[in-house]
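Good morning, and thank you for making time for this. Please look at the model on the screen before I begin.

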Amino acid sequence: MDLTISITSESKLLTTLFKKHLNMYLYIPSHSAHPPRIFTGMVHGQFCCMISLCSDPTDRKLKVNLFFHCLLHCGYKCNKLLPIFEKAIFYYQNSPFPNIPTLAPHYINDLLIPWKQMYLHMQFHPQNNPSYMFQQVWRKIMGCPPHGRRLSSYRNKQEVRVNIDRMVVAYSCLHNLGNNVLYWNLEVQFDTPT
């Protein structure tokens, strides 16, 4: 349960978010290869919890400030955080039911914006070419070729624009010996006496 409930001297219930004393406030780091919508969803999800579970407005402000500073410590820049926080604050202040947030139409339209990037997934090896070389080749051949149309200007069979204007190289680690000899991967065979 992530809720702390207390009773005030006026016999009213007061609720707030419960956090363990040793909570390290670990969020997705800024250099992660997650799509940008994951971060926006995380901010709006935290706002939803703070608005719906914290009954005291002063406590909500403290929680929002703490969340903002925790994201700064995770490596996010202030100029990237402020527009997302302003949008979340504006949305929840104008929500018809502040304790039961609902999706406003403009918020749903923002969720329907198509992706503008593609991902090249590959296993990392120290002798591989650096990621910027893959991105340079992609830009030269597909992204913005010198004597041709950009990829983002093409349309598919349903006449929807291919809205891809950048490529992100996402690395995964190679399997090592430890991955192959974990005890749950080994098949144990027992000899039965005859």
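I shall speak about three helix contacts and then one pair of strands.

This is a predicted model, in which local features need pLDDT of at least 70 and side-chain atom pairs count only at pLDDT 80 or more, while totals for chains, interfaces and linings use all residues. Residues are numbered from 1 along each chain as its sequence is written, and side-chain values use heavy atoms, with hydrogens and water left out.

Helices (H or I, at least four residues) and strands (E, at least two) are DSSP runs, numbered from the N terminus. Axes are lines fitted to C-alpha atoms, for helices over the stretch in contact, and angles run from 0 to 180 degrees between N-to-C directions.

Let me begin with helix α1, residues 36-53, and helix α3, residues 78-93: their axes come within 10 Å and cross at roughly 40°. That angle makes α1 oblique to α3; angles under 35 degrees count as roughly parallel, over 145 as roughly antiparallel, 65 to 115 as roughly perpendicular, and the rest as oblique. The crossing of α1 and α3 is right-handed, meaning that the near helix is turned clockwise from the far one by less than a right angle. Among the residues in contact, that is, with heavy atoms within 4.5 Å, are F39, V43 and F47 of α1 and L81, I84 and F85 of α3. By class, this contact comprises 11 nonpolar, 2 polar and 2 charged residues. Here Ala, Val, Leu, Ile, Met, Phe, Trp, Tyr, Cys and Pro count as nonpolar, Asp, Glu, Lys and Arg as charged, and the others, Gly among them, as polar.

What, then, is the angle at which α1 and α2 cross? It is roughly 155°, and the axes come within 10 Å. Accordingly, α1 is roughly antiparallel to α2. This crossing, too, has a hand: α1 passes α2 in a right-handed manner. The α1 residues F39, V43 and F47 are among those that meet α2, where the partners include V64, F67 and L71.

Helix α2, residues 57-73, also packs against α3, at an angle of about 145° with the axes 10 Å apart. The contact involves V64, F67, F68, L71 and L72 of α2 together with C78, L81, L82 and F85 of α3. It holds 9 nonpolar residues, no polar and no charged.

I turn finally to the strands. Strand β3, residues 117-123, runs parallel to strand β4, residues 166-172, and 7 bridges join them; strands pair if DSSP finds at least two bridges between them. H121 stands opposite A170 in β4, and M122 opposite Y171.
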